[in-house]
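Here is a short report for a first look at this structure. Have the sequence and the model open as you read.

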Amino acid sequence: MIPNATLVFGPPGCGKTHFLLSKIRDALASGIHPSRIVFVGFTRKAIREAVDRACTEFGLTEKDLPFFRTLHSMAFRALGIGKGDMMGPDDYRTLGNDLGMDLSVKSTSFDDGTIIPSYDGNGARYLFLEARARYRGVSLEQEFNEAQDWDLHYPLLEKLHRALTSYKAATGKFDFVDLIEQYIVQCDAPHSDMVIVDEAQDLNYLQWKMVAKLFEASIEGYIAGDDDQAIYRFAGAEVSEFISMSEKKIVLDQSYRLPRKVWELANQLSKRIKVREPKVFKPREEIGNVQYHLSWDTLPLDKDHSFTIMTRVNSFMYSFASKLEDEGFIFSIKGRSSIDETKAQVVRLWERLQEGEELRLGEVVHLYKNAAKRGDRAAVKHGASKLLEAADPEQFYGYDLLVSDYGLTAPISTSPLDIAQMSEREKLYYDAIKRRGIDPLQPPRIKLSTFHTMKGGEDEHCVVYLGTTKACAENDPDDEHRAFYVAITRARDTLHVLETDKRYRYEL
């Protein structure tokens, strides 16, 4: 319980960030310096949005907001350590060799707000449980028993914990959990007039202890989130802690995202969640639409508007990526386009030359840079790019001129796909795109995402796939309800619910 905090419940699209910024605006208007405001959250994405909007609206710079940070980043800075002090791939590799485990690290970032780094190898689950036990403030034995992963062995978990602890003591290295643990023990919280905690439903026991410390050094503050969207319990988030953190509560009651049909379905779903704070909020005036599909083939993906296709896990998402490729759709996945834009530009430039057009010098430079210069697929002479350094930037260059004066060797009949050095798979995909009549250089209007990645986002038209996995289906039912609640509440206009033939499915 934090007596000087007010809980702010923000259902989907109810303007939680706008509400928090209004409190910052009021504080600044009353004469509070921006450095006396602490704004912390679970993810860098949430903090980045708050910083950008605060700077734009209040005419500030990032330097004016030193305490707008993820909890991990704040701890990192307060402890006065550097990136080299963090456990990295080499450290885990050394530790793994000593233990006879593969402790490969896929990615680490000291400022990304994630619960733990992403591990790979046969020791990944042990590292996950070791970190999760510390985040939750429970013993290794309790964590092991509650995880019920009987492929693991408790003595190995204990051995890893002892080895990791010894390694960090010997090297002076920190892992992600250490940042929060050591902040609580060693650091003084900044004296502030206001503390704001965003996405608080995703915080774990240890992070709540850090938040409590921040509030002890502050006059007042707001703890904002939505327990119905708490989808990180698997990583140690304590939803009940969030709900009970203060007796002072505010519910934002107008969604600016959900049309009535989607809102009705969302309300039906949220009522299945057992551990929650009851919330009443209104939809937009628009009716919207919810459509059900028994087959992928009935999704109107060829309509000229944006689509976000969401799945429970990565494997389903990549399966849909293969379908979209086969059918000739351009899409983005994890923020990256499915087609190599550079190669598509080279194809377009060569097609223009084949059609008798002339190119500007910059376009020729781009063509040469990305065309093969050696081997059977060589299109330009080695060193031909240097000839362009003395070329007239105001001149236009056609095929014949490039051949005679600038080292172009490829016959005009050469396939543009060969000029772009596409693989056979890329060629098949490109041809499928062209058959569908899609411009390969247009921005992707279809996005693939998992529920977790899409959290905080929205789209006019969303597809939610009902397939799930055995592991997800056997979890606490509240976890599945919350995950699918997050997914269906991303839609601003039309929600498409896609049935599955998988053994495990969610009953919507």
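## Cysteines

This is a predicted model. Start with C14. Its sulfur lies 17 Å from the closest cysteine sulfur, which belongs to C462, and that is too far for a bond. A disulfide needs two cysteine sulfur atoms within 2.5 Å. By this rule the count comes to 0 disulfides. A disulfide is a covalent bond that joins the sulfur atoms of two cysteines.

How accessible is C14? C14 is buried, and its relative accessible area is 6%. C55 is buried too, with a relative accessible area of 17%. The cut-off for buried is under 20%.

## The chain as a whole

The protein chain has 508 residues, and buried residues make up 53% of them. Its secondary structure comes to 21 helices and 17 strands. Along its principal axes, the C-alpha trace spans about 80 × 60 × 55 Å.

## A mixed open sheet

Seven strands form an open sheet. Their order is β9-β17-β16-β10-β15-β11-β12, and the pairing is mixed. Which strands stand at the edges? They are β9 (289-293) and β12. Each has a single partner strand, so one side of each is left without a neighbour in the sheet. Strands of a sheet pair through backbone hydrogen bonds, in either the parallel or the antiparallel sense.

Now look at β15, residues 446-450. In this strand 4 of the 5 residues are buried, so β15 is largely enclosed by the rest of the structure. Strand β10 (residues 307-311) pairs with β15 in the parallel sense, over 5 bridges. Strand β11 (residues 331-333) also runs parallel to β15, and 3 bridges join the two. L448 of β15 is the bridge partner of I309. L448 is also the bridge partner of I333.

The pairing of β11 with β12 is antiparallel, with 2 bridges. There, S332 has S337 in β12 as its bridge partner.

## Aromatic pairs

How many aromatic pairs does a search of the whole structure find? The search finds 13. One of them joins F316 and Y465. This pair is edge-to-face, with 5.5 Å from centre to centre and 85 degrees between the planes. F316 sits in helix α12 (residues 314-326) and Y465 in strand β16 (residues 459-465), so the pair ties together parts that are 149 residues apart in sequence. Both F316 and Y465 are buried.

Another pair is formed by W350 and Y399. Its rings are also edge-to-face, at 6.1 Å centre to centre and 80 degrees between the planes. W350 lies in helix α13 and Y399 in helix α16 (residues 399-405). The two residues are 49 apart, and their pair links distant parts of the chain. W350 and Y399 are both buried.

Ring pairs also build a cluster. It links W296, F316, F320 and Y465.

## The second largest pocket

About 370 Å³ of space lies in the second largest pocket. Its lining has 13 residues. Which of them lie nearest its centre? They are S337, S338, I339, D340 and E426. S337 has already appeared, as the bridge partner of S332.

Three elements give two or more residues each to this lining: β12 (336-337), α13 (341-354) and α18 (424-435). Helix α18 gives the most, with 3 residues. By type, the lining residues divide into 4 nonpolar, 2 polar and 7 charged.

## Two residues with positive phi

Q148 is not a glycine, yet its phi is positive, at about 55 degrees. Where is Q148? It sits in the loop between α6 (140-147) and α7 (154-171). Q148 is exposed, with a relative accessible area of 53%.

Q421 is not a glycine either, and its phi is positive, at about 60 degrees. Its place is in the loop between α17 (416-419) and α18. Q421 counts as partly exposed, at 34% relative accessibility. Helix α18, at one end of this loop, is also the element that gives the most to the lining of the second largest pocket.

Note on methods
Residues numbered from 1 in each chain as written. Predicted model: local features only at pLDDT ≥ 70, side-chain atom pairs only at ≥ 80, totals over all residues. Heavy atoms only, no water. 1 Å grid on protein atoms, 1.4 Å probe; cavity = no way out; pocket = protein on both sides within 12 Å on 5 of 7 lines; lining within 4 Å. Points joined across faces, edges and corners; volume = space filled by probe spheres on them. Helix = DSSP H or I, 4+ residues; strand = E, 2+ residues; numbered from the N terminus. Nonpolar A, V, L, I, M, F, W, Y, C, P; charged D, E, K, R; others polar. Buried < 20%, exposed > 50% of the residue type's maximum accessible area, 1.4 Å probe, protein only. Pairing = 2+ DSSP bridges. Phe/Tyr/Trp six-rings, centres within 6.5 Å; stacked < 30°, edge-to-face > 60°.
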